[in-house]
Amino acid sequence: MEKIFTKKLNNIDIERRIVLSENLIKDFPRGHEAYLKFKDEDGIVWTFRCRVPPGGSSRPALSGDWFVFVRSKQLKVGDVIEIALDREKDRTGVDQFTIRFKKQL
C-alpha cells in the first residue's frame, strides 16, 4: 500500500466536502466526477463521489457517502485521515483506496 494523502479534518471537511491534494488522482480530467472505492480498517468498502471542478482549481473533492462515513466513524474537527492506494483491484479491476483515521485525543 502506498500512502498518498494525510489531512487533519476541519469544519468544511466534516460538514460539506473534503478537498484533497491535486496529485491524489493523477490525470483526472477537470469538470468530471467518478465514484471511487475506499476500504476502511474494518474491511467495509465505501463509495465516495469524487469531483474535480472545472476552471482554475484542479483539486478533487469527496462528497456523497463521505458524510455517512464521517458520521458512522464519529469523526470530528482535528481528527486525521490517511488515504493510501491499495494495489489490490476490486472485483471489476478498478483501483481501490484504503482510508484510515486517527482520533484527536
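**A guided tour from the β3–β4 hairpin**

Select His32 first: this residue stands opposite Val52 in β4. The model on display is a predicted one.

Next, extend the selection to the two strands, β3 (32-39) and β4 (45-52). They pair in the antiparallel sense, over eight bridges, and together they form a hairpin with five residues between them. Within the turn, select Gly43, which has a positive phi of about 85°.

Now display the whole chain. Two helices and seven strands are present, and along the sequence they follow the pattern β-α-β-β-β-β-α-β-β. Of the 105 residues, 40% count as buried. Among contacts between residues at least 6 apart in sequence, 54% join residues at least 24 apart. The protein exposes about 6500 Å², and carbon and sulfur atoms supply 49% of that area.

Turn then to the interior. In soluble globular proteins, nonpolar side chains tend to be buried together. The largest nonpolar core here has 21 residues; select Phe38, Phe48, Trp66, Ile81, Ile83 and Ile99, which touch the most other members. Two or more residues of this core come from each of β3, β4, α2 (66-72), β6 (80-89) and β7 (95-102). The largest contribution is that of α2, with four residues.

Finally, move to the loop between α2 and β6 and select Gln74. Most residues other than glycine have a negative phi. Gln74, although not a glycine, has a positive phi of about 55°. Is this residue buried or exposed? Gln74 counts as exposed, because its relative accessibility is 54% and the exposed class begins over 50%.

Note on methods
Residues numbered from 1 in each chain as written. Predicted model: local features only at pLDDT ≥ 70, side-chain atom pairs only at ≥ 80, totals over all residues. Heavy atoms only, no water. Core = buried A, V, L, I, M, F, W, Y, C linked by side-chain atoms within 4.5 Å. Buried < 20%, exposed > 50% of the residue type's maximum accessible area, 1.4 Å probe, protein only. Pairing = 2+ DSSP bridges. Contact = heavy atoms within 4.5 Å. Areas by Shrake-Rupley, 256 points an atom, 1.4 Å probe, with all protein chains shown as cover.
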